[in-house]
Amino acid sequence: LPGYVAVRWARRHNIPVVVSCRGSDMYPHARPRQWWLSRRRIIWALKHAQAVTSVSRQLAEEVSIITNNSVRTQVIHNGVEIPEPDSSPKLTPPAFACLENQTFLLVLGRLHRDKGLDLLIDALKLLRDQGKTLPLMVLAGDGREKERILQQINAHKLEDRVLCIGQVWDSKKAWLLSNCSFFVKPSRAEGLPNSVLEAMSYGKAVLATAVGGLPELLTSGEDGLLVEPDNPTALASGLQKMLNTDLSSYEQNARRVAQEHSMEKIAKLYLGLYQSVIER
């Protein structure tokens, strides 16, 4: 919907405008897609922009669906800053002293239903019920689902295996990404998550659900593992498989994918698009 406002303003001032679809309003189940007025405005903005981009092929397909194939979309993935070699924090932040020398998995992002954290917690319970040894799961982020997630953790008696640490930035985030065993993204819906690219830039394998643009980033058995979405049993199986896999061979592949999505390369794609719009 911000795209609608931008296009209206740009047309009034005779300025070319590019609309970028990143998820959110474009999800089929999203309220803006369900409400007739907001849906109508989304369609109008897409049709009247000088160019439309999306962060994944899946979102490009949604643009085609909602506009009856009348809008051509250029897919430009998200970009990521590539860490300098040996730039990982050497000292453990005091807040993470309990994680030092421990094997832990990392989830990084908003605590929102679309992120599927409730499914992940159910998957951990399934593994515990099967008598499996559980890894420590670190949830880094904040959001409106926090209280419900904490209640679910307590109900499943997983307080000793799931650690909610709130939002993290800069050196704290870098330390978590550098020291986790692998990254987990159990989402129900996604565009193309920056957090996955960040994890891959640190050479981390990723366990994720096959939604949105994630299959465009990840190749099962090479840099991570994709599992069926909205399925705790599939997540539990994926966790167990990843825990039993030597992930060292995944590191180079993950870094290569991140380098293909470096901020510099993605910025050049946008600059090329903007130049073509201006010339037209």
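The legends below describe a whole-chain view and several close-up views of a predicted model.

**View 1. The whole chain, with 12 helices and nine strands.**
The radius of gyration is 20 Å, close to the 19 Å that the globule rule gives for 280 residues, so the chain is as compact as a globular protein of that length. Along the principal axes, the C-alpha atoms fill a box of roughly 60 × 40 × 35 Å. Of the 280 residues, 50% count as buried. The structure holds 12 salt bridges, and some of these appear in the views that follow.

**View 2. A positive surface patch made of Arg8, Arg11, Arg12, Arg40 and Arg41.**
Two elements give two or more residues to this patch: helix 1, residues 2-12, and helix 3, residues 36-48. Helix 1 gives the most, with three residues. Arg8 is one of the patch residues and is found in helix 1. Why can Arg8 count towards a surface patch? Patch residues need over 30% relative accessible area, and Arg8 passes this cut-off because its relative accessible area is 38%. With that value Arg8 is classed as partly exposed.

**View 3. The salt bridge between the side chains of Lys115 and Glu190.**
The N to O distance in this pair is 2.8 Å. Lys115 lies in the loop between strand 4 and helix 5 (117-129), while Glu190 lies in the loop between strand 7 (183-185) and helix 8 (194-201), so the pair ties together parts that are 75 residues apart in sequence. Are the two partners buried or exposed? Lys115 is buried, with a relative accessible area of 13%. Glu190 also counts as buried, at 5% relative accessibility. Both values fall under the 20% that marks the limit for a buried residue.

**View 4. The salt-bridge network of Lys115, Lys185 and Glu190.**
This view keeps the pair from View 3 and adds Lys185. Which residue does Lys185 meet in a salt bridge? The side chain of Lys185 meets that of Glu190, with an N to O distance of 3.9 Å. The cut-off for a salt bridge is 4 Å, so the contact between Lys185 and Glu190 counts as one. Lys185 is buried, and so is Glu190. Glu190 therefore takes part in two salt bridges, one with Lys115 and one with Lys185.

**View 5. The salt bridge between Arg256 and Glu260 in helix 11.**
The side chains of Arg256 and Glu260 meet at 3.1 Å, N to O. Both residues lie in helix 11, four residues apart, which is about one turn of the helix. Helix 11 covers residues 248-260. Arg256 counts as partly exposed, at 35% relative accessibility. Glu260 is partly exposed as well, with a relative accessible area of 40%. Both values lie between the 20% limit for buried and the 50% limit for exposed, so neither residue falls into those two classes.

**View 6. Glu260 and Gly79, two residues distant along the chain.**
How far apart are the C-alpha atoms of Glu260 and Gly79? They are separated by 8.8 Å, although their positions lie 181 residues apart in sequence numbering. Glu260 is the residue of helix 11 that also meets Arg256 in a salt bridge.

**View 7. Pro89 and Ala234, a pair separated in sequence and in space.**
Pro89 and Ala234 are 145 residues apart in sequence. From C-alpha to C-alpha, the pair is 34 Å apart in space. Pro89 has its place in the loop between strand 3 and strand 4, the latter running over residues 104-108. Pro89 is partly exposed, with a relative accessible area of 24%.

**View 8. Asn68 and Lys157, residues with a positive phi.**
Phi of Asn68 is near 55°, a positive value in a residue other than glycine. Asn68 has its place in the loop between helix 4 (57-66) and strand 3 (73-75). Lys157 has a positive phi of about 55°, and Lys157 is not a glycine either. Where does Lys157 lie? Lys157 is in the loop between helix 6 (146-155) and strand 6 (162-164). Asn68 counts as exposed, at 67% relative accessibility, and Lys157 is exposed, with a relative accessible area of 59%.

How values were computed. Residues are numbered from 1 along each chain as its sequence is written. This is a predicted model: local features need pLDDT of at least 70, side-chain atom pairs count only at pLDDT 80 or more; totals for chains, interfaces and linings use all residues. Side-chain values use heavy atoms; hydrogens and water are left out. Patches are made of residues with over 30% relative accessible area and no salt bridge: like charges are joined within 9 Å, nonpolar side chains (Val, Leu, Ile, Met, Phe, Trp, Tyr) within 5 Å. Accessible areas come from the Shrake-Rupley method with a 1.4 Å probe; for residues, only the protein chains shown count as cover. Lys and Arg count as positive and Asp and Glu as negative; His and the chain ends are not counted. The place of a charge is taken as NZ of Lys, CZ of Arg, CG of Asp or CD of Glu. Buried means under 20% relative accessible area, exposed over 50%, partly exposed in between (1.4 Å probe, protein chains only). The radius of gyration is taken over C-alpha atoms; the globule rule is 2.2 Å times the number of residues to the power 0.38.
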